[in-house]
Amino acid sequence: MTYQPQPDFGTPQGSGAPVTLTIDGREVTVPAGTSVMRAAAELGTSIPKLCATDNMKAFGSCRLCLVEVEGRRGTPASCTTPAEAGMVVRTQTPQLAKLRKGVMELYISDHPLDCLTCAANGDCELQDQAGAVGLREVRYGAGENHLGQAKDLSNPYFDFDPSKCIVCSRCVRACDEVQGTFALTIDGMGFGSKVSAGTSADDFLSSECVSCGACVQACPTATLQERAVVEVGTPDRSVVTTCAYCGVGCTFRAEMRGEQLVRMVPWKDGKANRGHSCVKGRFAWGYANHQERILSPMIRESIDQPWREVSWDEALGHAASEIRRIQAKYGKDSVGGITSSRCTNEETFLVQKLVRAGFGNNNVDTCARVCHSPTGYGLKTTFGTSAGTQDFDSVEQCDVMLVIGANPTDGHPVFASRMKRRLRQGAKLIVIDPRRIDLVRTPHIEADHHLPLRPGTNVAVLTAMAHVIVTEGLADEAFVRARCDWDEYRHWADFVSLDRNSPEALAPVTMVDPQELRAAARLYATGGNAAIYYGLGVTEHSQGSSTVMAIANLAMATGNIGRPGVGVNPLRGQNNVQGACDMGSFPHELSGYRHISDDAARAMFEADWGVVLDPEPGLRIPNMLDAACDGTFKALYVQGEDILQSDPNTRHVSAGLAAMECVIVHDLFLNETANYAHIFLPGSTFLEKNGTFTNAERRIQPVRKVMTPMNGMEDWEVTQALANAMGLGWDYTHSAEIMDEIARLTPTFAGVSFDRLDELGSMQWPVTAATPEGTPTMHIDGFVRGKGKFVVTDYIPTDEKTGPRFPLLLTTGRILSQYNVGAQTRRTANVVWHEEDLLEIHPADAEDRGLKTGDWVRLASRSGETTLRATVTDRVAPGVVYTTFHHPATQANVVTTDYSDWATNCPEYKVTAVQVAASNGPSDWQERYDALTERSRRIEAAE
Ligand code: SF4
Ligand code: SF4
Ligand code: SF4
Ligand code: FES
């Protein structure tokens, strides 16, 4: 698509009853509450404007948008004047033209006249509006002005040039209203007023700014400007695609100049993000052309030999013959594959097809194993569908948010901004988390209840909440009788009512104040529409599946399911973790969550694929590694996943990988797993492929090829070439054909096709004949499984215990600027915000050990140890320490254990008994990584 700016209607649309008015002699009907400016824009009439933009409230400061209204005195601003029935408006009169020209003349007289050399030339609203009002000359001489002020170049992605600022305050309002960070202010008065990044900060980088880019997008001048536009030039075409980082699934316009990506601009029509973005999707795409990307296939005989570049044919031929050789020698079940939650649905589908149809077994698993597999199990058991129940828009009708085991401002930042907006409007907030996450207290938001539980006691806290709800008569029994299995409910209600499940009885276990817990339970049950949002702090436990079911029990018992504003909402981690699960990546399930032992489902696939499928479930990732250590599992194809860094108990993972005879890594970079690989197949980035991702709200969204794959092939083409090297004879010519096959074989995707996605933008599954445009809210008239199922969730403490040797509990999480194992974000300028993983420790625990912020500490568990620097903070409770796992130099998973969820094997990342002690610095293996990081930095600096 050639470059066109996104349309801007000036102000948001109203939501009242329709009103009809006349503008410049033409009638228009708009919802009450719509501004005259927007009503005119709906007619195609563009009223000059500077301070208004349609994703925030009108401000009325620039006085450029004046109009005349019959029967009214003066010339009101059209952006702040609501449309009214019968109103007669004129937007173009000689008087208005004169007034607008005068206003614009004042702006331009204090603006550098360097349009021809300005980076925003041709893409600047001030320039456009000066033209629109017909300004040709400026009468005012050189008086006092703001020209020549120093630029703030501190942010790695955008510049702030105050000499170009017209003090329209769009940036300040974007930061407040859209992002919710409140990092910017207008300092001073009148002529002296200026935009400032916070009151105490010197510049953007040291301010509260989280680099979301909303202010840059809002700025109508080149005052706030992406540095890439300065360096590369303004874009000349754009392609709409989907972010490849987190499960929010923001839609962006990739704005290009030729084959070069200039900027990613959040797309206003994106239904997940509604025009907003975070620092990762907006700016951290530079890894796509990082010089460490591997673009040629490589092989080596053994992992102690150097890599040798080879042709695609040689690499794929070698991979196919190795798989066949190993199967001939060790049996067909000695090989398997891992699909990626970072790749598209189509690519994931093909990898599991390769395993089932080509390898002839069901040894396929995915990284959801280590994050949200308990969500699949728990929600399927209770509701009948392995997915969240709502869309993101639902939050706008929510009265009470219960956030448990999630840190949305870091992990799901764009959705967090929508949550914060709703909270500022008055919704109540309950946070259940061992840490005082940002949502607990952030500008203009304070949680009504924060329950800082002891890690590992989610089930006990939720059961205690259920105890309060049932014993105080707060359950919605009418809902339960109508929608759920009543006998199961009674059984569950009797269980939670036991004295041993009261908040008081469980307080010694949970460490939560019983009165606070009681108050939180009452609020959840009686505060109106209540929605639960949860993350990996729920699932990555030995009782992960129990916690998901305890959440579902609470929602059903209070009737908070089946309508907008309520529900159970898993905040999915990776961009396509929902999709990877949907596509049949688990060893026991075909796409659409049909069990492999289901004869009818298997028969469908067998008829379509022309093969006989094994009815027995295959191995999960931990079972594959165990079998490798036992000598029965010998070859693995891993697409887009770094199991050595992301999976628990690194020592065990490396032992398993080292025991295999053929490890095929298909990735962008030589990751940690590739240290154990024999064949490396270069991967392609999301910018280089066509396909779809499915976000946390079950929304299937297009991923569109923005540039030619640097390695020559999209990832699905590589998998197809490997399949064909094994003799499978696949002949897809485009990823759309793979989606057609998915739709043919998966009832919940029956109505999905690339053409429909182009038409509608996105669709939430199930997409069936009955719901051809998708399903925003699940379980409206009844649960997918029939009656909602209550499950008794007895609290069973984890086997991972603290004691004299390991007295503290470690829990792990993410930080905003980095993503997962950091393979991508560490290769961008995002490292300025997080150069290393740090250990948060409470002041009392730090004092006991003589530690202060910045000290090196040794973090040791029963599994292993690592060294990192400490941050002393009361964000964590006494007895709890916390770190992120983004840097291979730290490898937090050296410390985590083999304990896992009883139902799904999801690892217990969130609870590890550890000891922390002062240290002299990193160990030898860590220094190796420091040297590597340093090398990357030097290369970047030289570029
Ligand atoms: S920086 Fe841009 S958006 Fe902010 S006040 Fe100045 S001109 Fe307006
Ligand atoms: S980039 Fe985002 S957080 Fe930073 S000042 Fe702009 S709007 Fe606020
Ligand atoms: S919130 Fe998630 S999907 Fe959206 S831009 Fe950030 S990383 Fe991408
Ligand atoms: S656009 Fe209406 S006053 Fe600025």
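Which helix gives the largest share of the lining of the largest pocket? Helix 12 does, with six residues. The legends below belong to close-up views of a predicted model.

**View 1. The largest pocket and its lining.** About 1,100 Å³ of space lies in this pocket. Its lining counts 31 residues. Closest to the centre are Pro12, Asp54, Asn55, Met56 and Arg421. Two elements give two or more residues to the lining: helix 4 (170-179) and helix 12 (413-424). By class, 15 lining residues are charged, nine are nonpolar and seven are polar. Rolling a probe the size of a water molecule over the atoms is what shows where such empty space is left.

**View 2. The shell around ligand 3.** Cysteines in the shell are Cys243, Cys246, Cys250 and Cys278. Around ligand 3 there are also Tyr245, Val248, Gly249, Phe252, Lys280, Gly281, Pro413 and Val414. Helix 7 (279-283) supplies at least two residues of this shell, and so does helix 12. Helix 12 thus appears in two views: it gives six residues to the lining of the largest pocket, and at least two to the shell around ligand 3. Nine residues of the shell are nonpolar, two are polar and one is charged.

**View 3. The cis peptide bond before proline 766.** Most peptide bonds are trans. Here, tryptophan 765 and proline 766 are joined by a cis bond. Omega is about 0°. Where along the chain does proline 766 lie? Its place is the loop between strand 30 (763-764) and strand 31 (808-813).

**View 4. Valine 167, a residue with positive phi.** Most residues other than glycine have a negative phi. Valine 167 is not a glycine, yet its phi is positive, about 50°. The residue sits in the loop between strand 5 (158-160) and helix 4. Helix 4 also gives two or more residues to the lining of the largest pocket. Valine 167 has a relative accessible area of 28%, so it counts as partly exposed.

**View 5. Histidine 444, also with positive phi.** Phi of histidine 444 is near 70°. This is a positive value in a residue other than glycine. Histidine 444 lies in the loop between strand 18 (441-442) and strand 19 (445-446). Is histidine 444 buried or exposed? Histidine 444 is exposed, because its relative accessible area is 61% and exposed means over 50%.

Methods:
Residues are numbered from 1 along each chain as its sequence is written. Chains are lettered from A and ligands numbered from 1 in the order in which they are written. This is a predicted model: local features need pLDDT of at least 70, side-chain atom pairs count only at pLDDT 80 or more; totals for chains, interfaces and linings use all residues. Side-chain values use heavy atoms; hydrogens and water are left out. On a 1 Å grid over the protein atoms alone, a cavity is a set of points where a 1.4 Å probe fits but cannot get out, and a pocket is an open set with protein on both sides within 12 Å along at least five of seven lines; lining residues have an atom within 4 Å of a point. Grid points are joined across faces, edges and corners, and a volume is the space filled by probe spheres set on the points. Helices (H or I, at least four residues) and strands (E, at least two) are DSSP runs, numbered from the N terminus. Ala, Val, Leu, Ile, Met, Phe, Trp, Tyr, Cys and Pro count as nonpolar, Asp, Glu, Lys and Arg as charged, and the others, Gly among them, as polar. Buried means under 20% relative accessible area, exposed over 50%, partly exposed in between (1.4 Å probe, protein chains only). A residue is near a molecule or strand if one of its heavy atoms lies within 4 Å of it.
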